[in-house]
Structure formats: structure tokens, C-alpha cells
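Reader: I should like to examine how the descriptive terms applied to a structure follow from their criteria. Please show the structure under discussion.

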Amino acid sequence: MSELSDELLVAYVDGQLARDQSAAVKRVVDFDDVAGKRVLGLKRANARLEEAFDAMLREHREQTDEETQEPSGETEPDAGAMIGRSSALAVFFGAHGALVLIAGALAVLLLGVGAGYLINTSSNARVGQPVAASSEQAASGWRRDIALAQGLIGREALEVSLESQANPDLVRFQLAGVIGPNVVIPDLKPQGLRFVRAQVLRRSGEPIAQISYLPETGPPVALYAKAQATGQAGEGSLTQGGVRTRAWVHNGIAYMLAAALSETEMDGLAAKIKGVIAAP
Amino acid sequence: MRTQLIEMLPRLRRFAGVLANSAEERERLLSTACDAMLENAHRYQSGAQFDHWAFSEIHAMWLKGLRERDEPIAPGPAEERLFLPQAGDIDGDREFAEFLRSLPAQQRVVLLLIYGEGQFYEDAAKLLDTPLETIARRAARSLIAFSAHLDGSTSISTHEAEIQHLYPEQKRAPA
């Protein structure tokens, strides 16, 4: 029977405890099945809340973008009516926001490499840190994080790598053990994309496969795959720092295509990859 | 100040949205608070975190409006569309929206600050001018209730939510 209070467990899951307190709770949770199960449930709820609030923010961001771009005089409430219309400020907002996000992504990337991970998490960032991380970063869902990271991977990063893996079948076998037996590494040679390598990133301890391809010219294309979690959004798209994404689920695996391509190119490529993955 | 407000507008709208009970109320609160912030810009202390100040101002404006009402209990649960995105995984989002609308605004705003804005309990307590213990209790109660909601257990009732508008620390949601 667990002696840990609800509030202590939630604070632990939320990453609100000091490092030594967190370590003490972890020791109890590791040896107490009841507390362990409760922590798992709370972590799931925590992750779901972060994703849902992130979705709300995306919705409001789109609404604000529309309002700041539309001419005034509409009956709908608009950003200009609230705080004074200024197209110059709106332009600045777009550029500044992108810079903040890219800088944040770079910081996350550097932190992640130092810790052995490519992606850091908001809850990890909170533990034992006296200063709150950027709330924008903390609220990001896995798709946004991945899109930001993808924007930082240049063609050179893949071309000069010694990690290219010549045998996709062997790579698929390895990924299946980490992501799930149904994961697929699609052959995209007919689409002009050469498989370069696959690697496993981690976000909140959850493995995410990054399967990278190179076209004849132009930026790299990556397909991300992770086990689909219950209650998580399966489909969707977003644009972040020039990188566009398309997400879908097949056979219990959540896929996300990410590349700096146009909307039309992304739609076409995503449809083809879905077809390749679905083919027996 | 205007630049910072424009930059923050989506986050401010989300913040106002969890306090409000309808989209109209949200826009009204946001608009009034933005006007007040511009008017009282001199009260903002340079070097302080602007987002904390802006959230505090909106929260104070909301509290002021609540106290001016003849009947401080909110008129029923919040509109579901306040928390339901127009696109995406509708089933998953509806689950979240149903849960959120069943909570009193005081608990919704704590959830947003901790899980949406990534704030520490201490910062949320300062921002809402609420004791740290209260914030920790609200966070614990809400996360446990949401975890139960995801597991298919019963969430808090509308009646209970209304009582919590007046006495948020007196009633515990079933875990």
C-alpha cells in the first residue's frame, strides 16, 4: 500500500519536486506496484493535458493570424480592435515568433544531445530547476517538437554521416523491436527519395523512430514513427519554421512526414507513402 | 507594450478562455484586459516577466467582474466549443473539452498554467495571488480527476463544479 499522498504523486509527475525529493519518490514508486500504476495513469493524463492545451493554442494562433491579416471593419472581434491595429507589428510578430521558436529548438537540441537525447521534455526541464523554461516550449506536443528539430537537420547532417545504413530490412527489424512489430520503412525510390538512415529519438522516454531520406537535390525528408498511444490525436498537419508535417495512423503506428516542401508536394508525398505503407 | 501584447495574443486568448464561460465572455474579458494593460502600462515593472504580468492582469479583471455580479456562481458549465478545436482528433479533443467544462474556472486556470504554460506551482501561486498549497491541491485534484476521466470513471458533477466556484477548496472531486 502506498504511503505517498495524491499531492506528492502529482507534484512528482508534474516535475515540481526538487531533485532529491523526486529521487526519493521515484525509489518508492519503483518498488510499489500500486504507486507505480497510479503514476503511469497520472503521466498519461499529464501528457494528454499538455497536448490538448497545445491544440487550443494552435487554434488561437490561427485565429489571431487570420484576424491580423484581414482588413478591419468586420463585425468579428479582431486583434487590431483589441490592441490597436498595426500590420508592421503583425509582421514583426511573425518573424520574431519564428526566431524565438528556432532559438528554443536549438537550445532543446543542444540540451538533448548533451543528455543523450535529441528531444528534451517540459516535465524533465522543471525538475530541480529554479527558473521556468519558456512556457511555449513546455507546452509543445510531440509533433511540434519534431517539426522544430527537423528544421535544424540540414542536408549536410546526413551527407557527411558515417551512420548510413545500407540494409533497410535489418533496420526495420531493429526498429520493430523498439517501436512495434508493425512499423514499416517504406521504399520511396519511385518517389525519388533515397533511404539514408534510421535512428531512434526519445521524448518523455518514449521512443520515436526518425527515418531519413534524401532526394536528388533539396532538403531532406523524414518519416517519424511511434507507437500510437490511446487517446492521442492520430491525424493532423502543422507548419513550423518552414517545415510542414502530415500525420496519420496505420496498424497501431503513428506516422508523421516532415519536410520543407510546399503544401501540394507534402499532400502528394504523404498520399504516396500512405499507399506504400498500407500495401501488403 | 503593444508589440508584446500582439505577440502574446494567442496565449492571452487561451488564458481568458479558461476563465470565461462563453466565447463572447472570453473576447470581452480579453478586450477589457488589453485596454486596461495599455492604459496602466506604467504599472508594469521593467525586467518582470511580461507574460506573468499580463496573465495576472487578466485574472484580476476576471475576479473583479465576478465580484460585481449579483450572483457569483457561474451560470452553468462553460460552453464546450471554448475548449474544442475545430480540426484534429475530435474524439480525443471532446474528451478533454467535456472534462474541462465540468471544472470550475479556478481549477481550469491552474491546469492551464501548469500543463499548458509549463509554470512551476510557485509561479502559478504568485500569478494568481493564491497560496502555494491551494495551487498544489487544485493541480492534484484536477489531474487525478482527469486520469479517472480517461479511465472511464465519473468526473465531478456540474452541481459540484458550481459549488467549487464559491468554495474551491471545500469539495474534493472523486479520484
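Author: The following exchange takes selected terms in turn and sets each against its criterion. The model is a predicted one.

Reader: Why is A:Asn251 called partly exposed?

Author: A residue is buried with 20 or more other C-beta atoms within 10 Å of its own and exposed with 12 or fewer. A:Asn251 has 13 C-beta neighbours inside 10 Å, and therefore counts as partly exposed. Its place is the loop between β5 and β6 of chain A.

Reader: What makes the phi of A:Asn251 worth a remark?

Author: Most residues other than glycine have a negative phi. The phi of A:Asn251 is near 50°, a positive value in a residue other than glycine. This residue belongs to the hairpin of β5(A) and β6(A), which has two residues between the strands.

Reader: How do you know that β5(A) is paired with β6(A)?

Author: Two strands pair if DSSP finds at least two bridges between them. Seven bridges join β5 (residues 243-250) of chain A to β6(A), and the two run antiparallel, so the criterion is met. Within this pairing, A:Thr245 stands opposite A:Ala258 of β6(A).

Reader: Which strand do the other bridges listed for β6(A) involve?

Author: Strand β3 (residues 221-227) of chain A is joined to β6(A) by seven bridges, again in an antiparallel arrangement. Here A:Ala258 in β6(A) is the bridge partner of A:Ala222.

Reader: What makes β6 of chain A a mostly covered strand?

Author: Seven of the seven residues of β6 (residues 253-259) are buried. In a regular strand the side chains alternate between the two faces of the sheet. A:Ile253, A:Tyr255, A:Leu257 and A:Ala259 point one way from β6(A), A:Ala254, A:Met256 and A:Ala258 point the other way, and all are buried.

Reader: Why are α6(B) and α7(B) called roughly perpendicular?

Author: Their axes cross at roughly 115° and come within 8 Å. Angles of 65 to 115 degrees count as roughly perpendicular, and α6(B) and α7(B) are therefore described in that way. Their crossing is right-handed.

Reader: What is the make-up of the contact of α6(B) with α7(B), by class?

Author: By class, this contact has seven nonpolar, no polar and one charged residues. B:Tyr121, B:Glu122, B:Ala124 and B:Ala125 in α6(B) meet B:Leu132, B:Ile135, B:Ala136 and B:Ala139 in α7(B).

Reader: Is B:Asp129 buried or exposed, and how do you know?

Author: B:Asp129 counts as exposed because it has 10 C-beta neighbours inside 10 Å, and the cut-off for that class is 12 or fewer. B:Asp129 is found in the loop between α6 and α7 of chain B, with a positive phi of about 55° although it is not a glycine.

Notes
Residues numbered from 1 in each chain as written. Chains lettered and ligands numbered in written order. Predicted model: local features only at pLDDT ≥ 70, side-chain atom pairs only at ≥ 80, totals over all residues. Helix = DSSP H or I, 4+ residues; strand = E, 2+ residues; numbered from the N terminus. Axes fitted to C-alpha atoms, helices over the stretch in contact; angles between N-to-C directions. Parallel < 35°, antiparallel > 145°, perpendicular 65-115°, else oblique. Left-handed = near helix turned anticlockwise from the far one by under 90°. Contact = placed C-beta atoms within 7 Å. Nonpolar A, V, L, I, M, F, W, Y, C, P; charged D, E, K, R; others polar.
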